[in-house]
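User: I should like to learn how the features of a protein model are read. Could we take them one by one?

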Amino acid sequence: MRLSRYFLPVLKEAPSDAQIASHQLMLRAGMIRQEAAGIYAWLPLGLRVLNKIEQIVREEMDRAGAIELLMPTLQLADLWRESGRYDAYGPEMLRITDRHERELLYGPTNEEMVTEIFRASVRSYKDLPKNLYHVQWKFRDERRPRFGVMRGREFLMKDAYSFDLDAEGARKSYNRMFVAYLNLYARMGLKAVPMRADTGPIGGDLSHEFIVLAETGESAVFCHKDLVEMDPPGADVDWYGDLQPLVDQRTALYAATEEMHDEAAFDAIPEGDRLSARGIEVGHIFSFGTKYSEPMKANVMGPDGKEVAVQMGSYGVGVSRLLGAIIEASHDEGGIIWPESVAPFHVGIVNMRQGDAACDGACEAAYKALQAAGVDVLYDDTDARGGAKFATMDLIGLPWQLIVGPKGVAEGVVELKNRKTGERVSEPLDAVIARLTGKAAA
Ligand SMILES: Nc1ncnc2c1ncn2[C@@H]1O[C@H](COP(=O)(O)OP(=O)(O)O)[C@@H](O)[C@H]1O
Ligand SMILES: [Mg+2]
């Protein structure tokens, strides 16, 4: 992409109502624009990152055996009356009436609808387990939308729903999601810690929030510090085998949010291993038995010929919130530092003297070669001054900057700067392109 033809409305200063770094940087980098309280337009640069995050989530869900579908944003109120939640949900639900006076709502979540889809066609235990998921916009009329995409009213969520015959199957489905979550956050460069969450009247231990530690996090969290540095299990696990040891390895260590905090249990950890911090909830998994299947009559025939209400769980990832969480975890005074896996472009070309034949020639050659190799590249071909171009590149946080200036070009070299470490190397263009494309120089 040529910057002169792109749409990247960067701002010198963040609007004063943006309080935390990620919100300020997303606005300044021209990634989002607020259209109403808690409602954002995703500008091209922001959308590229959102799509990359969504794709990582999708790949890890698929790997763990979940199946993608797409449910609508609008749902019938009558469906929610079946579970009793139409009245119970309260003012966070956006209620809509259509021209026929039919009551609808903009979905804040999808348990009822997925249960309705399931019960319409699944009749036998032989069709279980199943896990259906989608990535769809949600609306919750939050009392205090704030911190940009962190707590929006309209936000993108991945929500998966599992269906099993019995509690043992439900635990296995839960474990698959638990492990998939560890992997997916790690792929985005995040250290997300599973923490015990409230199960309310459902009871049991099958509810965890996945928390990214950050000073600006909304909740106070407490955990054993080993959990933060633990490596993810990786893609190569036996998904339908026994995942319990991988889960136990983590749940054996103390980790809880404020709501679930047990001072005595925390104090039992050796003092040097205690971590008391703030965190961002980037995911939440919950096994809730027959809470929806029973009132909604989602029954299956068991092996004994008797009908039973199916055991369910739901598994959310805050896809749009993750942009904020990643930036909170990875930025400096200059701007965002994207992990390679979610970066909007892999490399930015900075032409220090646009209009100079030698500089333009080197930049065009680099741009063509990188594009031909399938590398996402943003070429700053505008006539802004070098200093301004550097500031924009640092702000938008692309992992690599390829800097082309008249002096270097005269000597036959260009510069490659790593955004994260600030390291620079001066090399012939061929060698730099070889580095960026992972191929040896010709
Ligand atoms: N208002 C919001 N804005 C952005 N992301 C949200 C919002 N509410 C929830 N999420 C994300 O969706 C995930 C699943 O939501 P859920 O656990 O149902 O929400 P809550 O914790 O608010 O009850 C959360 O872990 C969080 O990452
Ligand atoms: Mg939650």
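Analyst: We shall go through the domains, the core, one helix and one residue of this predicted model.

User: Into which domains is the protein chain divided, and how far apart do their C-alpha centres lie?

Analyst: One starts with the bounds, then turns to the contacts. Here the protein chain is divided into domain 1 (3–335) and domain 2 (347–437). Their C-alpha centres lie 38 Å apart. Eight residues of domain 1 are in contact with 10 residues of domain 2. On the domain 1 side, the touching residues comprise four nonpolar, three polar and one charged.

User: What does UniProt list for residues 38–339?

Analyst: A record of this kind is to be quoted as such. The unreviewed UniProt entry lists these residues as "domain: Aminoacyl-transfer RNA synthetases class-II family profile". In the model, residues 38–339 are 30% helix and 31% strand, with the end C-alpha atoms 26 Å apart.

User: Which residues touch the most other members of the largest nonpolar core?

Analyst: That core has 116 residues, and I53, I349, L402 and V404 touch the most other members. Helix α6 (residues 167–187) gives the most to this core, namely 10 residues. Domain 1 (3–335) and domain 2 (347–437) each supply at least three residues to the core. To take V404 as an example, its contacts beyond four places in sequence include I349, V350, M352 and V414.

User: Why do the buried residues of helix α5 lie on the same side?

Analyst: The general idea is that an α-helix has 3.6 residues a turn, so residues three or four places apart point the same way. In helix α5 (residues 111–121), the buried residues are E111, E112, V114, T115 and F118. They lie on the same side of α5 because they cover an arc of only 165 degrees around the axis. The face turned away from this buried side carries the exposed residues A120 and S121.

User: Against which elements do the buried residues of α5 pack?

Analyst: They pack against two helices and three strands: α3 (77–83), α4 (85–88), β7 (130–139), β8 (154–164) and β16 (311–318).

User: Is I396 buried or exposed?

Analyst: One counts neighbouring C-beta atoms; a residue is buried if 20 or more others lie within 10 Å of its own. I396 has 24 other C-beta atoms within 10 Å, and is therefore buried. The residue belongs to helix α12 (residues 386–396). Setting aside neighbours within four places in sequence, I396 is in contact with A29, L45, G335 and I336. By C-alpha atoms, I396 and F178 are 32 Å apart in space, and they are 218 residues apart in sequence.

Definitions and conventions
Residues are numbered from 1 along each chain as its sequence is written. Chains are lettered from A and ligands numbered from 1 in the order in which they are written. This is a predicted model: local features need pLDDT of at least 70, side-chain atom pairs count only at pLDDT 80 or more; totals for chains, interfaces and linings use all residues. A nonpolar core is a set of buried Ala, Val, Leu, Ile, Met, Phe, Trp, Tyr and Cys residues joined through C-beta atoms within 7 Å. A residue is buried if 20 or more other C-beta atoms lie within 10 Å of its own, exposed if 12 or fewer, and partly exposed in between; C-beta atoms are placed from the backbone. Helices (H or I, at least four residues) and strands (E, at least two) are DSSP runs, numbered from the N terminus. Domain bounds come from an automatic or database domain assignment. Two residues are in contact if their C-beta atoms, placed from the backbone, lie within 7 Å. Ala, Val, Leu, Ile, Met, Phe, Trp, Tyr, Cys and Pro count as nonpolar, Asp, Glu, Lys and Arg as charged, and the others, Gly among them, as polar. The arc is that of the directions from the helix axis to the C-beta atoms. UniProt positions are given in the numbering used here, feature names are shortened, and annotations may be inferred rather than shown by experiment.
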